[in-house]
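Biologist: I would like a close look at a single part of this structure, the annotated N-terminal domain. Could you take me through it step by step, as you would for a first-year student?

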Amino acid sequence: MPLVLGVDSSTQSTKAVLVDADDGTVVAQQSAPHPPGTEVDPRAWLAAVDTATAGLLERAEAVAVAGQQHGMVALDADGRPVRDALLWNDTRSAAAAVELVAELGGPQACADALGSVLVASFTSTKLRWLRDHAPAEAARVRQVLLPHDYVSRHLSAPGTAPFTDRGDASGTGYFDARTSTWRHDLLAAALGHDADLPIVVAAGAAAATTPAGQVVAGGTGDNMGAALGMPLTAGDVLVSIGTSGVASAVVPDPVADGTGTVTGFADAAGGYLPMVTTMNAAGILDLQARWLGVDHDELSALALASTPGAGGVTLSPYYGGERTPNRPDAVGTWTGLTPATTRADLARAAVEALLCSLADAVDALVAETGAEPRRVLMVGGATRSEAVRALAPAILGRPVLLPAPGEYVARGAARQAAWALSGAAEPPAWPLPTEATLPVVPTDPSVRERYAALRDRLAQP
């Protein structure tokens, strides 16, 4: 029974799962935390991956890393970080994104060139911020990597050249996923000068070996890893509710949405993974639980004790700014509060706002790809909430399949490792463990209508 190791180097932690390469059964898993914040010394991820993989890597024949997308790892001539990495959820580069889009000829021209309209999440915008706000640091940059590239190189034999895959590269803002080529001209425009970039490894190919000789696959971005770990097929929409909220689908052809709502990323298997991403997701429920002084189970019970529409209370949950819609300076906004508002109404409004935001994401994805989903899969820590499970099918307007709890980003990395180990043309066929299918139960249509009205009203200057 060959074993493979999948690593998820996420925003909050490193998770490592040791998996049977034949059928995807998880044999063992470990994790280690990351420092908090939106800028982090990337060397902390190396310490975390060493801790999380200790005792597991030695048992594996291959390994792959799926990492948080977009993060800027800027290295000097000696391969040392010139500053802390700016993560995907750091919005200080919002103005830089606007500048870069204009320089490319506007939103549609930007989407045509890159598959996506740049927002503050993208690596190139962070490099422009660095150029303008820390020019001495920008001048020292000789190489730019993504988080998963940085961790993958750490696991590889000394002297291995950095490598990446087209999936994660497609979120940088200087990569053309249609031709699988770097746009060094766009990198130089953002940073102020050119820099070295990693080799782009073909889907399913081995990229390197560890010091002990195990195969290292190319790795990918976390969303691409989750799609591979499900695995998503044509007709599926994946809704993930973690630190960010994501609706994604696997399609054969690229998209170029000039509105910027749908990002046209590549996937980890040679196709494309258009997605809609929100910055505010599970944290909406975390905040509400803290404000009400309850745990998540109690928050769920309160929400279910209220009625559809939360007694007229509506929340726009863009507490830390938002990516979709692109409102980096937004804040959370409540409306409809009256003396009759209850704690249960406040809990319900938070759950409804989370799901309405995700329903907007699914609708945008369907409109851009033109493919009505055959099924919606829902994963992430917030899916443990009974209130989320109860309300999701009605607000999303579709039945929801709940895969069994698991580390699907790490599982996707493990599946990629198994693919590279096998040398086969396609990744191994692993069954998807499922927990339940949640049917649609009719609800009050005014829930989404009032949410949309507040969302649109707040967009007015």
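**A close look at the N-terminal domain**

Modeller: The UniProt record, in an unreviewed entry, lists residues 4-225 as "domain: Carbohydrate kinase FGGY N-terminal". Please keep in mind that what we are viewing is a predicted model. Across residues 4-225, 32% of the span is helix and 26% is strand, and the C-alpha atoms at its two ends lie 15 Å apart.

Let us turn to a pair of helices. Two packed helices are described by the distance between their axes and by the angle between those axes. For helix α4 (residues 123-133) and helix α8 (residues 184-191), the axes come within 7 Å and cross at roughly 35°. On the α4 side the contact is made by S124, L127, R128, L130 and R131, while α8 contributes L187, A189, A190 and L191. Sorted by character, the residues of this contact of α4 with α8 are six nonpolar, one polar and two charged.

A single residue, S156, also repays attention, and it is found in the loop between α6 (147-155) and β9 (163-165). S156 counts as buried because its relative accessible area is 5%, which is under the 20% cut-off. The side chain of S156 reaches the backbone oxygen of S152 at 2.8 Å. If neighbours within four places in sequence are left aside, S156 is in contact with F163, A208, T209, T210, P211 and V216.

Finally, C110 is likewise classed as buried, because its relative accessible area is 0%, and a search of the whole structure finds zero disulfides.

Methods:
Residues numbered from 1 in each chain as written. Predicted model: local features only at pLDDT ≥ 70, side-chain atom pairs only at ≥ 80, totals over all residues. Heavy atoms only, no water. UniProt positions renumbered as here; feature names shortened; annotations may be inferred. Helix = DSSP H or I, 4+ residues; strand = E, 2+ residues; numbered from the N terminus. Axes fitted to C-alpha atoms, helices over the stretch in contact; angles between N-to-C directions. Contact = heavy atoms within 4.5 Å. Nonpolar A, V, L, I, M, F, W, Y, C, P; charged D, E, K, R; others polar. Disulfide = S-S within 2.5 Å. Buried < 20%, exposed > 50% of the residue type's maximum accessible area, 1.4 Å probe, protein only. Polar contact = N/O pair within 3.5 Å; in protein donor to acceptor, adjacent residues only side chain to side chain.
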